[in-house]
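Trainee: I'm new to this one. Could you help me learn to read its features?

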Amino acid sequence: MRFIRTARTTAIAAAAVALVATSAVSASADPGFVPDANDIVLVGSDTSENVLNDLAAVYNGRTPVPSAKLASFDATGSATVTLRAGTTAVTRPNGSGAGITALCSNTNVSAARSSRGPSSSDCANLAFLPFAKDSVRWAANSGVTGVPTLTDAQLTGIYNCTITNWNQVGGPNLAILPLIPQLNSGTRTFWATQVGINATTPPSCVKDNVGGVAVQEHSPAPIKANAGSIAPFSVGRYNLLTATEKSGTFLGTIPAADSAAYDRNLYNVVKLVGGAVPAGLADVFGDGFGFSSLGGTPYICEDADADPATTTAGDVVKANGFLPLGDAANGGTCGVL
């Protein structure tokens with residue numbers, strides 16, 4: 001089975017993944033079925049929702065059909081979601097933190113998508129299983145001209161309110177509006193760490209709400225709507241936007257000497273049972289050592305390949321603009337704690 005998503009043309013070309021016609025993937029925000037008690041339900045991060053939706057579509061379309069299908073719910077959409085058949089609708093978890101909280105408190109959640117690593121505020125007995133690497137850079141309003149790159153020191157100055165005008169970094173005489181995603185965002189936590197601010201109570205110049213509208217991570221809308229604005233943005237997510245969605249914004253760079261610190265792992269978080277990842281989850285996400293419950297390669301850790309007749313999980317990860325971490329049997333770190 002092969003998959004294609006036209007909105008991902010740029011990322012697919014960059015990844016050099018040969019995709020053919022016949023799509024198993026839709027742009028819908030939630031599963032096209034109501035999960036049953038046996039299915040694997042994921043909620044949480046906006047950053048990895050598209051790639052998990054695509055991974056779920058490929059996984060669920062395999063022959064034989066898996067007995068436990070993957071069901072990934074987007075971070076945004078309807079206010080509430082019904083996670084499993086016969087259960088009461090709950091508030092949709094928006095962001096890594098909200099997804100992890102739901103995993104800790106709701107037995108209908110099997111795993112949480114997360115763009116941040118463990119936090120001291122998380123509940124006990126969680127396993128953060130990495131599966132891909134993401135590069136976080138910055139996007140700005142198109143009115144910001146002459147500033148293609150910002151160093152770590154400049155980004156730190158902008159988000160600590162010591163650099164307040166774009167002309168201080170070679171741009172136009174225009175006030176800087178630093179944006180940061182809403183409170184439950186893993187990207188917010190990650191970015192705050194990189195630029196040296198408190199994620200919960202950022203400096204006064206940093207806004208997570210503009211005009212009464214919360215800033216959603218990886219959405220170009222608040223950037224294009226506000227002159228002089230800047231926000232953290234996943235490179236993979238930005239490259240998957242359509243030309244219309246990108247209009248009014250541009251993606252900036254960070255010089256090589258500083259950029260490595262702005263790269264991060266993406267995780268699927270599960271609850272340990274008896275100190276171990278449950279077998280059904282290990283077969284998909286890894287057992288903490290990078291293997292399935294039977295010692296093979298977990299589904300999500302399959303390496304990308306050049307075979308046009310098949311789609312591996314690694315192919316899907318690359319097509320979404322992220323870097324697969326590779327399976328443990330070949331020295332990779334996917335599914336390894």
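Trainee: Numbering the bonded cysteines of the chain in sequence order, what is the pairing?

Mentor: Happy to help! Keep in mind that this is a predicted model. As a general idea, a disulfide is a covalent bond between the sulfur atoms of two cysteines. Here a search of the whole structure finds 3 disulfides, and their pairing in sequence order is 1-2, 3-4, 5-6.

Trainee: Which parts does the pair Cys104 and Cys123 tie together?

Mentor: These two cysteines are joined with their sulfurs 2.0 Å apart. Cys104 sits in helix α3 and Cys123 in the loop between β5 and β6, so the link ties together parts 19 residues apart in sequence.

Trainee: And where do Cys161 and Cys205 lie?

Mentor: Their S to S distance is 2.1 Å. Cys161 is in the loop between α4 and β7, while Cys205 is in the loop between α5 and β8, so this pair bridges parts 44 residues apart in sequence.

Trainee: Is Cys301 buried or exposed?

Mentor: Cys301 counts as buried, at 2% relative accessibility. Its disulfide partner is Cys334, which is also buried, at 1%. The torsion about their S-S bond is about -75°, so this disulfide is left-handed.

Trainee: How many residues of α2 are buried?

Mentor: For helices in general, there are 3.6 residues a turn, so residues three or four places apart point the same way. In α2, 12 of its 12 residues are buried, including Leu52, Asp54 and Tyr59. The helix covers residues 49–60, and its end C-alpha atoms are 16 Å apart, which agrees with the expected 16 Å.

Terms used:
Residues numbered from 1 in each chain as written. Predicted model: local features only at pLDDT ≥ 70, side-chain atom pairs only at ≥ 80, totals over all residues. Heavy atoms only, no water. Helix = DSSP H or I, 4+ residues; strand = E, 2+ residues; numbered from the N terminus. Expected span 1.5 Å × (residues − 1). Buried < 20%, exposed > 50% of the residue type's maximum accessible area, 1.4 Å probe, protein only. Disulfide = S-S within 2.5 Å.
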